[in-house]
Amino acid sequence: MSRSSGVDKGSRGPGSGLERRVVLSGFLFGCGVAASIIDLFIFHLGLQWHHFYDLSTTEVALTADGFFHAFGWFITIWGLFVLADIRRRAEVNWKRWTGALITGVGSFQLFDGVIDHKVLRIHQIRYDVDLLPYDVIWVGSAIVLLLVGVLILWRTRPPQTSD
């Protein structure tokens, strides 16, 4: 065990801090990718279908986008800092990290589709169209991504160790 880090480089069990940090890093990065890359670049800028907050003026909507995307980039970078720390201490299980990333993308998209779109109604995917197909695709793809990510996490979990 390293005295300075408190992390045993050989400890890869399911309850180890290293394994939890691998999942945290991938999950944060995945949420950030969903927020700041997929949502920002595709739906806000490219297609211009919606803003983060569409219940006021365009100026308020653009300001809300700025804060939302600053937060999205913050969690993306946070995930990368955690990843850099993990890489400094041990080898990264890239399949597990990828599973966490996919879980993060799916979780963010599901939260956005259910909470932001339907519960809070602060924005919709787009306007002046029948929302049902858009909602089905948005939430359906989120569930698929979430399930794929969780399956990868489950399949890449470290073996149980007996002490």
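**D39 and its surroundings**

Reader: Leaving aside neighbours within four places in sequence, which residues is D39 in contact with?
Author: Contact means heavy atoms within 4.5 Å of each other. With neighbours within four places set aside, D39 is in contact with A34, H44, H50, F68, H69, D112 and W138.

Reader: What kind of model is this?
Author: Residues are numbered from 1 along each chain as its sequence is written, and side-chain values use heavy atoms, with hydrogens and water left out. Local features need pLDDT of at least 70, side-chain atom pairs count only at pLDDT 80 or more, and totals for chains, interfaces and linings use all residues, since the model is predicted.

Reader: What is the order of elements in the protein chain, starting from the N terminus?
Author: Helices (H or I, at least four residues) and strands (E, at least two) are DSSP runs, numbered from the N terminus. The protein chain has 4 helices and 0 strands. So going by those DSSP runs, the order is α-α-α-α.

Reader: Back to D39: how far away is the nearest side chain of opposite charge?
Author: D39 sits in helix 1 and is buried, yet has no salt bridge. Buried means under 20% relative accessible area, exposed is over 50%, and partly exposed is in between (1.4 Å probe, protein chains only). A salt bridge needs a side-chain nitrogen of Lys or Arg within 4 Å of a carboxyl oxygen of Asp or Glu; Lys and Arg count as positive, Asp and Glu as negative, and His and the chain ends aren't counted. The nearest opposite charge is R126, away by 13 Å.

Reader: Is A34, one of the D39 contacts, buried or exposed?
Author: A34 is in helix 1 too, and apart from residues up to four places away in sequence it touches D39, V105 and F108. Its C-alpha atom is 6.8 Å from that of Q109, 75 residues apart along the chain. Its relative accessible area is 4%, so A34 is buried.

Reader: Which helix supplies the largest share of the largest nonpolar core?
Author: A nonpolar core is a set of buried Ala, Val, Leu, Ile, Met, Phe, Trp, Tyr and Cys residues joined through side-chain atoms within 4.5 Å. Of its 20 residues, F29, I86, V92, W97, L101, V105 and F108 touch the most other members. Helix 1 (17–46), helix 2 (58–89) and helix 3 (94–119) each supply at least two, but the largest share, 8 residues, comes from helix 1.

Reader: And on the surface, how much accessible area does the nonpolar patch have together?
Author: Patches are made of residues with over 30% relative accessible area and no salt bridge, joining like charges within 9 Å and nonpolar side chains (Val, Leu, Ile, Met, Phe, Trp, Tyr) within 5 Å. Areas come from the Shrake-Rupley method with a 1.4 Å probe, and for residues only the protein chains shown count as cover. Helix 1 gives the most to this patch, with 4 residues. I37, F41, I42, L45, L47 and W73 form the patch, and together they have about 520 Å².

Reader: What is the phi of Q48, which is not a glycine?
Author: Most residues other than glycine have a negative phi. Q48 is in the loop between helix 1 and helix 2 and counts as exposed because its relative accessibility is 62%. Its phi is positive, at about 55°.
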